[in-house]
Amino acid sequence: MLYLLAYGSGAAWRPLFYVYLKDTGLAGIQIGVIASIIPVVMLVTQPLWGMGADRWGRHKCLMLAMFVSSMLLSGFLFNTFFGFLFCWTVIVALFSNPVSPIIDSLALDHLEVRPKLSYGHFRIWGAIGWGVVATLMSFVVSRAKMGLIFPAAGILMFLGWLVSFRLKRPEGKHSAFEVNWKNLIPVLHNRRLIIFLVGVVFFSIAIASTWTFYAVYLDDMGASRKLITLAFAIQGFSELPFYLIAGAIIKRFGAVRTLLFTFFATSVRLFLYSLAPTAGIAVSVEAMHGLAWTLFLVASVDYVNKLVEPKWRATGQSLFWAAYFGAGMIMGSLWAGFLYDRMPLKRVFGLNGAVVFLVSLLGLLAFRINFKRAKH
């Protein structure tokens, strides 16, 4: 239920947020600046949220983040001035960003005492929430004002906060650990973890445009608001089968091989965006989302979880989120916004597709030993 409602809340407002900004009259670079705020805040505060969750309680931090963000989301309707939207996005991001990684950490806690399940069995409900809510919002925004996306998101997050009262922490091996800040040093000195996070940053830079400018890309191609939100619904539903089989794929091929495969698949996806002649064909490319994104996410969570001690689980996952949705998205969003003012988004996607392909080749080179011998 937490995954369902938290990701449903995100689906209610994030797919159309940048179209909303475009409708207010913001320029491409201004949209890029605001798009970079969420990852900037994540980069700066997410590791702190993770360490705080490990130190003072993941459940407590989750409840705080969900309640405050549910109260703030409707505030986007107060003003459409760039300065206000900039500041309000900072505040919303501060409390909404940690929700997903903390839920991931709690799910991993439960897996410790339920070895027959996998991360995908929990995370699939986030995809269901995203797909269902995005589908519903496609009908809402086609018949009502765009501004309804924010109160809808706030209501769903508030319901998630109510559900969080029922959550109980399982008694696993991690329960016996006493968290000491001095013991964090080995996490930050973990060479394999740092190399992985650096690779994630470069990968994220190249694909940031698919997160921040995809809706604008469809809008520029003449897609209706309904078609745009349906595209994000396809994203969510395309994830479902891969969450069920991701565990088996990683067990068979290893996390490193799976990650490299998703890099190459993402480059193909970007090239297809650049070649799509119509919005309808561009939306059909979203069927690749599950293959490219879901396997990447599950393999990354699995890889990081094995590189850090259980007591620093939330910290490890927060570092991954800070690298992907933080550092990478900051530079990637600004880069995409800069390019958008100078060329069509089709060309932006094509250029970034070439970058992802290069990153894939570098990743293959960097992890060649693991690719041949190790299965993580």
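# A guided tour from helix α2 to the cavities

Begin by selecting R55, which is found in helix α2, and keep in mind throughout that you are looking at a predicted model. With a relative accessibility of 34%, R55 counts as partly exposed, because that class lies between the buried and the exposed residues. If you now add L291 to the selection, you have two residues that are 236 residues apart along the chain, and their C-alpha atoms are separated by 35 Å.

## Stop one: the salt bridges

A search of the whole structure finds six salt bridges, and three of them are visited here in turn.

Select K22 and D220, whose side chains meet in a salt bridge with an N to O distance of 2.7 Å. K22 belongs to helix α1 (residues 2-23) and D220 to helix α10 (residues 214-220), so this pair ties together parts that are 198 residues apart in sequence. Colour the two residues by accessibility and you will find K22 partly exposed, at a relative accessible area of 26%, while D220, at 39%, is partly exposed as well.

Next, select E286 and R269, which form a salt bridge in which the closest N and O atoms are 3.0 Å apart. E286 sits in the loop between α13 (279-284) and α14 (289-307), whereas R269 is part of helix α12 (residues 255-275), so the pair ties together parts that are 17 residues apart in sequence. Are these two residues buried or exposed? Both E286 and R269 are buried, which means that each has under 20% relative accessible area.

For the third pair, move to helix α14, where K306 and D302 both lie, four residues apart, or about one turn of the helix. Their side chains meet in a salt bridge of 3.4 Å, N to O. K306 counts as exposed, with 54% relative accessibility, while D302, at 23%, counts as partly exposed. Before leaving the salt bridges, return to K22 and D220 and add D219 to the selection, since salt bridges that share partners join K22, D219 and D220 into one network.

## Stop two: the largest pocket

Keep D302 in view, and turn on a surface to look for the largest pocket, which holds about 410 Å³ of space. Of the 19 residues that line this pocket, the closest to its centre are L117, S118, Y119, G247 and D302. Which helix gives the largest share of the lining? That share, five residues, comes from α14, and α5 (99-112), α11 (225-253) and α14 each supply at least two residues. If you colour the lining of the largest pocket by class, you should count nine nonpolar, four polar and six charged residues.

## Stop three: the nonpolar core

Now hide the surface and select W13, L21, F76, Y217, L218, F320 and Y324, which are the residues with the most contacts inside the largest nonpolar core, a set of 130 residues. Helix α1 gives the most to this core, with 14 residues. Centre the view on Y324 and show its surroundings: leaving aside residues up to four places away in sequence, Y324 touches V200, F203, S204, I207, W211, W293, F296 and M329.

## Stop four: the cavities

How many cavities of 30 Å³ or more are there to look for? The count comes to two.

To find the largest cavity, with about 690 Å³ of space, select R14, W130, W211, W321 and F325, which lie nearest its centre among the 32 residues of its lining. Helix α1 gives the most to this lining, with nine residues, and other helices that each supply at least two include α2 (28-56), α6 (119-143), α9 (191-212) and α15 (313-340). By class, the lining of the largest cavity divides into 20 nonpolar, nine polar and three charged residues.

The second largest cavity has a volume of about 100 Å³, and its lining includes R269, W211 and Y324, so you can find it by selecting residues that you have already visited. To complete its lining, add F203, I207, T210, Q235, T266, H289, A292, W293 and F296. The elements that give two or more residues to this lining are α9, α12 and α14, and by class it has seven nonpolar, four polar and one charged residues.

Conventions: Residues numbered from 1 in each chain as written. Predicted model: local features only at pLDDT ≥ 70, side-chain atom pairs only at ≥ 80, totals over all residues. Heavy atoms only, no water. Salt bridge = Lys/Arg side-chain N within 4 Å of Asp/Glu carboxyl O. Buried < 20%, exposed > 50% of the residue type's maximum accessible area, 1.4 Å probe, protein only. 1 Å grid on protein atoms, 1.4 Å probe; cavity = no way out; pocket = protein on both sides within 12 Å on 5 of 7 lines; lining within 4 Å. Points joined across faces, edges and corners; volume = space filled by probe spheres on them. Nonpolar A, V, L, I, M, F, W, Y, C, P; charged D, E, K, R; others polar. Core = buried A, V, L, I, M, F, W, Y, C linked by side-chain atoms within 4.5 Å. Contact = heavy atoms within 4.5 Å.
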